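This report describes how selected helices, strands and nonpolar cores are arranged in one protein chain, and it is best read beside the structure shown below.

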Amino acid sequence: MSELIRRRIIHGGSCGSHCSIRLMLSHLSIRDFVLIERLDLKFQSGLNVLTGETGAGKSILLDALGLATGTRAESRFVRKGASSTSVTAVFELPIEHPIRSTLVEHNIQAMDETIILRRTVETDGRSRAFINDQAISVGLLNKLGQQIIEIHGQFDNQRLMRPDNHREILDSFTGATKLLTSVRIAYQKWSDASTALEQGISEAADTKKDEEFLRFAVEEINVLSPLQGEEEKLSNKRKLMMHGEKLVEALTEVQEQLQGETPIDQRMQNTLRTLERANTYSDGKFKEVIQRFESGLNDILDGREQLDRLNSEIIVDPAELEITEERLFALRALARKHQVNTDDLNRLKEDFVKRLSEIESNEARLAQLKRNQSSARNEFIDNATRVRNARQKAAKTLEKAVNEELDDLKLTQARFYAHVVELKEEEWNKHGIDRVLFLVSTNPKIDPGPINKIASGGELARFMLALKAVLATVDPIPTLIFDEADTGVGGAIASAVGDRLVLLSEGSQVLVVTHSPQVAAKGRHHWRVSKSVITNDNKFDQMNTTIVESLDEISRKEEIARMLAGAEITEEARAAADRLITGGKE
């Protein structure tokens, strides 16, 4: 027995003051499952043992429990003659158990300290899953089941055999919680800095593509130098120039009509002088008409001035018209190119100049983002390297402790390895720069490999037992089940297996299916599994059924004596059973 395990036994096991009988499977109800028509079991804390002759149906109980906790459903589970099967497992867990946070995440109503898992299977293989009578997915049921129960030796999906869990288990063994947290924080910081850099590079690349266009566009607008309202002025000027000759002719005709032999303004002035002389003799009666003629004279004079001005503005030079049209068309073409009005060209140029300025500042911005990313990366590597050192140190301790356990469990040729393997940089993650692999070898001539690929059924259960014994304080699972962990051993070795099961039961509820009287004798609670034949009204219609009985002290001693002696129980076997139960010598 390793020193690590020995210290736990001396100081009262791995559980400590936080242990509680509530951390356990309390009830198991089975209906129409394989050979079981109806079965209701009430389990206790500590070490629970199930015994019975081969073929009695012990594995059926484990299949049923596995079904309730999310393993694969099969139509063969439905008892012959029944339309469906159901298995209900009731667990008593404290309020602070991690499973409750999972329930909250999925909006599942908690029932005080009770968690009820239920699974039904139809004859066509379809199944449904429930927790606290609320329908859930089988995937969620399996996830919850993994947090509260482990079945070793019967299934291939034990947590300790899946590489994804090895890193988490070893990290718990290191006890370096703060350091592990710092790695996650540093990785997130590095990830954020890398994202910012990638975004900056992408944005810089996009603007870089536009740089040549922007510079050309700014220069093009600068060369044209458009003025506010220039398009309207040029358009009006062009219209005048295009009809210049006709306008000149019209103005000339108007001038001739206004001039005549006596210009109209001269005639108006003569008329006013005559009216003013007459007004002196009429006591002012011509005053109003004189004012009207004065106003008309002023309008005529203003009109002649405007005609003279228009006449001066009309240009009939074809070269000037061409220059005007070229300017006007150039303004309009540039505006169409950028899909703006001609009066917005200067504002557009300011936007282009601003974007060019941003492009020029991108180099400095990218340089800073690269420094931030490099600094965050170095910080992550520094913390991850310290985690690796802690893992490597813990791996050596774990290897030594587990291998000492293997020696005591009659696996002297077997060796356990906890490898801390360096990852490629692209595989680095929030947990660090390495991964953890638990490997085993059952013979020095065999290369280490995954536990479930290397070990046989009996070896597998003892490997799991050794691992759980060492990891009991850092990888606590409320309920542990071992299916024939004592296969192929007896005597002192079987007793050692029993000792480790007792040790584990101090911190977790342990259920063990066993053929070993040495192991059975160490149980706190004992069930016997047997098979019975039921004969219906038709004597030819017989059906096997599995029966599970809770044994009292007398029947327990008798069962262990049967395991020692075989079919015929002798007094010597009863005495030997009594010594095993009381802890005496065989």
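In this predicted model, valine 87 touches Leu28, Ser29, Ile30, Phe33, Ala64, Leu67, Ala68, Leu117, Arg118 and Arg119, when residues up to four places away in sequence are not counted. Val87 is also, together with Ile30, Phe33, Leu61, Phe91, Ile131 and Ile136, one of the residues that touch the most other members of the largest nonpolar core, which has 46 residues. The largest share of this core, 7 residues, is supplied by helix α2 (residues 58-68). Another core, of 42 residues, lies apart from it and includes Val49, Leu170, Ala394 and Ile477.

Helix α5 (residues 163-174) and helix α12 (residues 345-408) have axes that come within 9 Å and cross at roughly 90°, which means that α5 is roughly perpendicular to α12. On the α5 side the contact involves Arg167, Leu170, Asp171, Phe173 and Thr174, and on the α12 side Ala390, Arg391, Ala394, Ala395, Thr397 and Leu398; these residues divide into 6 nonpolar, 2 polar and 3 charged.

An open sheet of 3 strands, with antiparallel pairing, follows the order β9-β10-β11. Because β9 (415-422) and β11 (449-450) stand at the edges with a single partner strand each, one side of each has no neighbour in the sheet. Strand β10 (residues 434-441) pairs with β11 over 2 bridges in the antiparallel sense, and valine 440 has glycine 449 of β11 as its bridge partner. Both helices pack on this sheet, as tabulated here.

| Helix | Strands touched | Angle between directions |
|---|---|---|
| α5 | β9 and β10 | about 105° with β10 |
| α12 | β9 and β10 | about 165° with β9 |

Methods. Residues are numbered from 1 along each chain as its sequence is written. This is a predicted model: local features need pLDDT of at least 70, side-chain atom pairs count only at pLDDT 80 or more; totals for chains, interfaces and linings use all residues. Side-chain values use heavy atoms; hydrogens and water are left out. Axes are lines fitted to C-alpha atoms, for helices over the stretch in contact, and angles run from 0 to 180 degrees between N-to-C directions. Helices (H or I, at least four residues) and strands (E, at least two) are DSSP runs, numbered from the N terminus. Angles under 35 degrees count as roughly parallel, over 145 as roughly antiparallel, 65 to 115 as roughly perpendicular and the rest as oblique. Contact means heavy atoms within 4.5 Å. Ala, Val, Leu, Ile, Met, Phe, Trp, Tyr, Cys and Pro count as nonpolar, Asp, Glu, Lys and Arg as charged, and the others, Gly among them, as polar. A nonpolar core is a set of buried Ala, Val, Leu, Ile, Met, Phe, Trp, Tyr and Cys residues joined through side-chain atoms within 4.5 Å. Buried means under 20% relative accessible area, exposed over 50%, partly exposed in between (1.4 Å probe, protein chains only). Two strands pair if DSSP finds at least two bridges between them.
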